[in-house]
Amino acid sequence: MPNKWSRMFPGQAWQVAEARHFVAALLEGEEAGLVDDAVLIVGELAANAVRHTRSGWYRGWFLVVIGFTDDLLRIQVTDQGSDDEPMVRSVNTPVNEGGRGLLLVDACAKGWGVKDRPDGARCIWVELARVSG
């Protein structure tokens with residue numbers, strides 16, 4: 001199996017589920033907890049891309065890249081950027097609905113970060129530990 005897979009999705013809300021299915025299919029045979037965490041993370045990042053960035057605009061897109069090493073799974077979701085910085089909200093921050101996706105990502109991840117691209121796009125990367133077996 002190649003060590004990196006990618007797929008571009010239209011920036012529409014219903015494509016978030018397609019991104020989750022893409023990741024679940026790639027991780028078939030991996031440890032169930034890893035699959036669950038990866039699917040959750042991709043769903044959160046893709047939803048954020050569609051809701052909070054230019055990816056959700058007309059003809060927008062987001063890109064999902066899944067990379068494998070022996071001990072890590074690296075997830076990258078690239079969106080078309082925004083004027084706002086991604087931030088982890090506290091559980092004590094009053095938010096009517098949602099707003100805590102990056103808190104979930106942070107709880108699941110071995111590491112994660114944000115990389116702005118020169119073209120205005122933004123990549124959020126997440127690393128998850130793979131269980132050797």
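# A walk from the hairpin to the helices

Start by selecting Trp112 and Val126: Val126, in strand E5, is the bridge partner of Trp112. What you have open is a predicted model, so keep that in mind as you look around.

**Stop 1: the hairpin.** Now add the neighbours of that first pair. Pick Gly113, and you will find its bridge partner, Trp125, in E5. Colour the whole of E4 and of E5, residues 122–129: the two strands run antiparallel, and six bridges join them. Which residue in the turn of this hairpin has a positive phi? Select Gly120, where phi is about 95 degrees; five residues sit between E4 and E5 here.

**Stop 2: the sheet.** Zoom out and show all the strands. In what order do the five strands line up? Going across the open sheet, you pass E1, E2, E3, E5 and then E4, with antiparallel pairing. Select residues 4–10 for E1 and 111–116 for E4: these are the edge strands, and each of them pairs on one side only. Turn the sheet to look along it, and you can follow a twist that averages 15 degrees from one strand to the next.

**Stop 3: a helix on the sheet.** Select residues 15–26, which is helix H1, together with E1 and with E2 at 61–68. H1 lies across both of these strands, and its direction is at about 165 degrees to E1.

**Stop 4: two helices side by side.** Keep H1 on screen and add H2, residues 32–52. The axes of H1 and H2 are 9 Å apart, and the helices pack at an angle of about 150 degrees. Angles over 145 count as roughly antiparallel, so H1 is roughly antiparallel to H2. The crossing of the pair is right-handed.

Next, show side chains where they meet. On the H1 side, select Val16, Ala19, Arg20, Val23 and Ala24. On the H2 side, select Ala38, Val39, Val42, Gly43, Ala46, Ala47 and Val50. What kinds of residue make up this contact? Ten are nonpolar (10), with one polar and one charged residue alongside them.

**Stop 5: two residues in one loop.** Move on to the loop between H2 and E2, where you can pick out Thr53. Is Thr53 buried or exposed? Its relative accessible area is 10%, and anything under 20% counts as buried, so Thr53 is buried. To see what surrounds Thr53, select Asn48, Asp79, Gln80, Gly81 and Ser82: Thr53 touches each of these, leaving aside residues up to four places away in sequence.

Stay in the loop between H2 and E2 and click on Arg59. Arg59 has a positive phi of about 65 degrees, although it is not a glycine. Arg59 is exposed, with a relative accessible area of 69%.

**Last stop: the whole chain.** Colour everything by secondary structure, and you get three helices and five strands. Trace them from the N terminus and the order reads β-α-α-β-β-α-β-β. Then switch to a view of the surface: of the 133 residues in the protein, 41% are buried. How much of the contact network joins residues at least 24 apart in sequence? Among contacts between residues at least 6 apart, the share is 62%.

Methods: Residues numbered from 1 in each chain as written. Predicted model: local features only at pLDDT ≥ 70, side-chain atom pairs only at ≥ 80, totals over all residues. Heavy atoms only, no water. Pairing = 2+ DSSP bridges. Helix = DSSP H or I, 4+ residues; strand = E, 2+ residues; numbered from the N terminus. Axes fitted to C-alpha atoms, helices over the stretch in contact; angles between N-to-C directions. Contact = heavy atoms within 4.5 Å. Parallel < 35°, antiparallel > 145°, perpendicular 65-115°, else oblique. Left-handed = near helix turned anticlockwise from the far one by under 90°. Nonpolar A, V, L, I, M, F, W, Y, C, P; charged D, E, K, R; others polar. Buried < 20%, exposed > 50% of the residue type's maximum accessible area, 1.4 Å probe, protein only.
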